[in-house]
Every structure is written in structure tokens, then in C-alpha cells.
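Visitor: Could you walk me through this one? I'd like to hear what packs against what.

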Amino acid sequence: MILIYTSSITSRIRYIFNIFFRDLLQTEFQITDQTEAFLNYKGARFSYCPAQLSDEVFFESGGLLHESGIREVDPVYVCAHDLHGLFPVKRGCSKFDFFASAFYLISRYEEYFPFLADKHGRFDALQSVAYKNGFLNKPVIDQYALFLFEILSARFPGEISIQRKYSFQPTFDIDIAYAFRSRGLIRSLAGATKSLS
């Protein structure tokens with residue numbers, strides 16, 4: 001199990017850690033805001049807060065996940081560790097706050113503010129921070145998860161493993177599955193004749 005320390009446990013922090021650890025890495029984790037319990041924990045652990053507590057694996061928080069409510073944000077783009085991200089930070093294992101970056105991208109935060117809609121009233125991907133910085137078609141959240149896994153498994157060898165397995169399930173989009181099912185012979189022949197003519 002991974003123990004995660006953060007100075008305050010918000011719904012945004014719960015949401016993004018569930019995505020990384022429950023959904024993507026499928027690894028047990030627990031979040032705490034109890035400093036002493038975190039420092040005494042002997043297993044895999046890391047902190048996500050403004051300042052490092054001790055010698056633990058540390059990811060600096062840029063602040064977005066500790067907020068509530070929505071405010072207009074102008075994210076600064078960073079490319080570090082072969083990863084595209086937002087919200088640069090100065091300390092820790094990453095050059096940007098990739099938990100906040102993931103939250104911003106997954107929640108489509110930028111779409112909560114006024115934008116120039118397309119003819120159907122939708123947010124145009126060409127306006128997105130991902131398109132403007134050239135990573136719209138990249139699986140950045142999965143790349144963040146692998147980066148996080150590499151950092152934690154290097155520090156805690158044998159304690160963390162990825163349980164997720166790839167599977168492919170094809171689906172078919174059929175508009176009218178039984179278009180000819182209840183038609184009689186005459187109606188089917190009439191339709192075929194009309195199509196031929």
C-alpha cells in the first residue's frame with residue numbers, strides 16, 4: 001500500500017488520486033493529512049504538498065487541487081521528463097505539478113469559462129491548451145501514471161506493481177440492426193427493385 005501525505009484532503013485530491021492509483025495503476029493507497037503518522041510509516045509513501053517534510057519522495061503542489069470553486073486559470077506549459085504538463089514547480093520529483101495538470105486536463109477545466117463555440121455550440125479542440133502546445137493526441141495522463149510508477153518503484157523496489165492489463169473489446173455501431181427482419185418477401189423485393197432503379 002502507498003501512503004500519500006497532503007496538507008489538506010480535498011475532493012479534487014481524492015478524485016485525482018483515485019484516477020491514478022485505483023483506475024490507472026490499480027494499486028492500494030491511502031491519503032493522510034497526519035504528519036506524524038506519515039513520517040512513522042515504513043512502507044511506500046510520498047508527499048504532495050507545498051514543502052517537503054523529510055527525505056520522502058516529494059511532489060510539490062501548485063495549489064490548484066487544494067482549492068474549491070472554479071476560478072479562471074492561465075496554465076503555463078512545461079515539457080520535462082519527456083512529458084507535456086502544466087503548472088511549473090521548483091522542487092520535487094517533477095518540474096510541473098502533474099496531479100494538477102492531470103486534473104485540469106481530465107476535468108476539461110478550461111471549458112468552464114467563456115469560449116468561442118463551434119456551429120454546434122461546442123468547445124473547439126483548437127482552442128485547448130493541449131492543442132496549442134502540441135500534445136492533444138498524446139496519452140499524457142497514462143504517461144504521468146507510468147512516470148509516477150517509475151519514481152515510486154525505484155525508491156520502493158518490489159513494493160509496487162501495476163495490476164492493470166490491456167484488453168481490446170471491439171464494438172460495432174449499427175444504426176438499424178433489424179432493418180429487414182419484419183419485412184415480407186414482396187416488400188423486400190420492392191425495396192431492392194427501387195434501389196436498383
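Visitor: Which residues in α1 and α3 meet?

Guide: First, a caveat: this is a predicted model, where local features need pLDDT of at least 70, side-chain atom pairs count only at pLDDT 80 or more, and totals for chains, interfaces and linings use all residues. Residues are numbered from 1 along each chain as its sequence is written, and side-chain values use heavy atoms, with hydrogens and water left out. Helices here are DSSP runs (H or I, at least four residues), as are strands (E, at least two), numbered from the N terminus. Taking contact as heavy atoms within 4.5 Å, Arg12, Tyr15, Ile16, Phe17, Ile19 and Phe20 in α1 meet Phe98, Phe99, Ala102, Phe103 and Ile106 in α3.

Visitor: How many nonpolar, polar and charged residues does that contact of α1 with α3 have?

Guide: For the classes, Ala, Val, Leu, Ile, Met, Phe, Trp, Tyr, Cys and Pro count as nonpolar, Asp, Glu, Lys and Arg as charged, and the others, Gly among them, as polar. Sorted that way, the contact of α1 with α3 comes to 10 nonpolar, no polar and 1 charged.

Visitor: Are α1 and α3 roughly parallel or roughly perpendicular?

Guide: The axes are lines fitted to C-alpha atoms, for helices over the stretch in contact, with angles running from 0 to 180 degrees between N-to-C directions. Those of α1 (residues 11–24) and α3 come within 10 Å and cross at roughly 90°. Angles under 35 degrees count as roughly parallel, over 145 as roughly antiparallel, 65 to 115 as roughly perpendicular and the rest as oblique. So α1 and α3 are roughly perpendicular.

Visitor: Which residues have the most contacts inside the largest nonpolar core?

Guide: A nonpolar core is a set of buried (under 20% relative accessible area; exposed is over 50%, partly exposed in between; 1.4 Å probe, protein chains only) Ala, Val, Leu, Ile, Met, Phe, Trp, Tyr and Cys residues joined through side-chain atoms within 4.5 Å. The largest one has 48 residues, and the best-connected are Phe17, Phe20, Phe21, Phe46, Phe99 and Tyr144.

Visitor: Which parts does the salt bridge of glutamate 60 and arginine 91 tie together?

Guide: A salt bridge is a side-chain nitrogen of Lys or Arg within 4 Å of a carboxyl oxygen of Asp or Glu, and for glutamate 60 and arginine 91 the N to O value is 3.3 Å. Glutamate 60 is buried at 14% relative accessibility, while arginine 91 is partly exposed at 43%. The pair ties together parts 31 residues apart in sequence: strand β4 (residues 57–60) and the loop between β6 (83–86) and α3 (98–106).
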